[in-house]
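Subject: Structure handover

Hi,

Here is the structure I promised to pass on to you. Have a look at it first, and then read on for what turned up in it.

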Amino acid sequence: MKYIALTIGPIYKTLKNSKKTRELWGGSYIFSYIMKKIIEKFKDRKFITPYVDNTVFESGKEVGLFHDRFIFESTNDTKESVQKVIDEVLKELSNNTPLSFEFLKAYLQINHLEIELDDSKNPILEITPYLDSLEQFYTIGHYKDNELSNMLKNNNSFLIKDAFGTKRKDFPSLPELALRDFQELWQKEEDEAFKDKRLKPCHKYIAIVHADGDSMSEVIKDATKLSQTSKDLFDFCIASHEKIKAFGGQTIFAGGDDLLFFAPVVSSGKTIFELLDEISKSFNDKFNPKATLSFGASITYYKHPLYEALENSRNLLFAKAKEMPKNNIAFEVIKHSGQTFGGVIHKGSNSYEKFLSFVSIEKSLDDNFLHSLHHKIDLHKITFESIKTDKNKLENFFKNYFNEAGHEAYREFFAKLIEYMISEQNLQNIYATLRFIKFIKGDKQ
């Protein structure tokens, strides 16, 4: 069987130059749009990846659902005929946008190949290394101005119309996303809105999240189920986008097993970690136990440079969350003061449910109590390392160091904390969990 495979870029290079949410969304969507238009020209072929039927080409999906690669079974297609289709799509795009055909040809890295495989071979497993190699040969395009960057800054109307099917004023800014629970403040000047006394520190922060599937090769091993896997991934992306939107977030990209989105830290009584758990469960319903989903979540002040937060989220995912054992949430909170805290939470551990219970805790906790608790744990790190598996010793520690009358109201909290500490063991994660509770429940900056 002969196959045609294609890869497109430079996606991440385009995204990291973005300074606003609409630029980031547009930079992602245009690559998905180009892929959609190329695939549409071959829609009567049998696609191995991604999932293709007539409905996927409809406008109004709100987010780019076509990832950066495709593979289909070829009939009479050749590299030359595919290149002709690519050029047709780029000319159509040039006719509808300020982007010139010459710039598109120079800027975009669209590489494709045709390959013959024995029918017993798995096309995804066999062809992926070739596409990986093609992506390494980055050609430097010669163009005077970055027309794409200029377009994304000034006019995304063409892409917005395709994505939403209707006119849309603009994308929510980072401040608007942060203030999800206080939409009435959007009408005020930014400085005035963030002085509202109802706001807690966490309402001035935004989460930027990257997600990526772990061990997906185990899922695609069975060549007889590749079509169903592509369909399952497409459905997962649609479901994830709906969950993110319901939470008050903005999906930037949802394709294959990859997600990129913005979200408030707290929305309608839920935290960002509860949203990540909902997305995880949606993924697990389709692919667990063969594959899991890891996250990198960078939580930053709403005025923090977008490109730095984006880079940090990506690094958290690939440098920490996807370390063995995979199936992790790597998170970091970068405070306005410059202080940071974070951890790596393994979603397959016995402590994960206890972690979720803590970070979604409803009971108000006094700032002074939380500060004292953090201080004591930090001061007695060596002691905790030696007693962290001994429930009795932990109970005695908290009874001895928190023995004032006002601490009686927190005995249930201490019991819950001890159970979490025994199951978690990692003091950095425990400390980061407590810092996050203070972050979302406390009133001090």
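Asn-327 is buried, with a relative accessible area of 12%. The model is a predicted one, so please read everything below in that light. Asn-327 sits in the loop between α13 (306–321) and β11 (328–334), and its phi is positive, at about 75 degrees, although Asn-327 is not a glycine.

Gln-425 is another non-glycine residue with a positive phi, again about 75 degrees. Is Gln-425 buried or partly exposed? With a relative accessible area of 23%, Gln-425 is partly exposed; the cut-off for buried is under 20%. Gln-425 belongs to the loop between α18 (411–424) and α19.

That loop brings us to the helix pair on either side of it. The axes of α18 and α19 come within 9 Å and cross at roughly 145 degrees, and the crossing is right-handed. On the α18 side, the contact involves Phe-413, Leu-417, Tyr-420, Met-421 and Glu-424. Their partners in α19 are Leu-427, Asn-429, Ile-430, Thr-433 and Leu-434. Sorted by class, this contact has seven nonpolar, two polar and one charged residues.

Helix α19 (residues 427–441) also packs against helix α15 (residues 367–379), at an angle of about 165 degrees and with the axes 10 Å apart. Because angles over 145 degrees count as roughly antiparallel, α15 is roughly antiparallel to α19. The crossing of α15 and α19 is left-handed. From α15, the residues in contact are Asp-367, Leu-370, His-371, Leu-373, His-374, Ile-377 and Asp-378. They meet Tyr-431, Leu-434, Arg-435, Ile-437 and Lys-438 in α19. Here the residues divide into six nonpolar, two polar and four charged. Leu-434 is worth a click in your viewer, as it appears in the contact with α15 and also in the contact with α18.

Next, the aromatic rings. How many aromatic pairs does a search of the whole structure find? The search finds 37. One pair to look at is Tyr-205 with Tyr-301, which is edge-to-face, at 5.5 Å centre to centre and with 70 degrees between the planes. Tyr-205 lies in strand β5 (residues 205–214) and Tyr-301 in strand β10 (residues 292–301), so this pair ties together parts that are 96 residues apart in sequence. Both of these tyrosines, Tyr-205 and Tyr-301, are buried.

There is an aromatic cluster to look at too. Its members are Phe-358, Phe-369, Phe-384, Phe-397, Phe-398, Tyr-401, Phe-402, Tyr-410, Phe-413, Phe-414 and Tyr-420. Among them, Phe-413 and Tyr-420 are also residues of α18 that meet α19.

Finally, two peptide bonds to check if you set up any calculations. Gly-9 and Pro-10 are joined by a cis peptide bond, with omega about 0 degrees. Pro-10 is placed in the loop between β1 (2–9) and α1 (11–15). The bond from Asn-288 to Pro-289 is cis as well, with omega near 10 degrees. Pro-289 is in the loop between α12 (272–287) and β10, and β10 is the strand that holds Tyr-301.

Happy browsing, and write back with any questions!

Best wishes

Key
Residues are numbered from 1 along each chain as its sequence is written. This is a predicted model: local features need pLDDT of at least 70, side-chain atom pairs count only at pLDDT 80 or more; totals for chains, interfaces and linings use all residues. Side-chain values use heavy atoms; hydrogens and water are left out. Axes are lines fitted to C-alpha atoms, for helices over the stretch in contact, and angles run from 0 to 180 degrees between N-to-C directions. Helices (H or I, at least four residues) and strands (E, at least two) are DSSP runs, numbered from the N terminus. Angles under 35 degrees count as roughly parallel, over 145 as roughly antiparallel, 65 to 115 as roughly perpendicular and the rest as oblique. A crossing is left-handed if the near helix is turned anticlockwise from the far one by less than a right angle, and right-handed if clockwise. Contact means heavy atoms within 4.5 Å. Ala, Val, Leu, Ile, Met, Phe, Trp, Tyr, Cys and Pro count as nonpolar, Asp, Glu, Lys and Arg as charged, and the others, Gly among them, as polar. Rings of Phe, Tyr and Trp (its six-membered ring) pair if their centres lie within 6.5 Å; planes under 30 degrees apart count as stacked, over 60 as edge-to-face and the rest as tilted. Buried means under 20% relative accessible area, exposed over 50%, partly exposed in between (1.4 Å probe, protein chains only).
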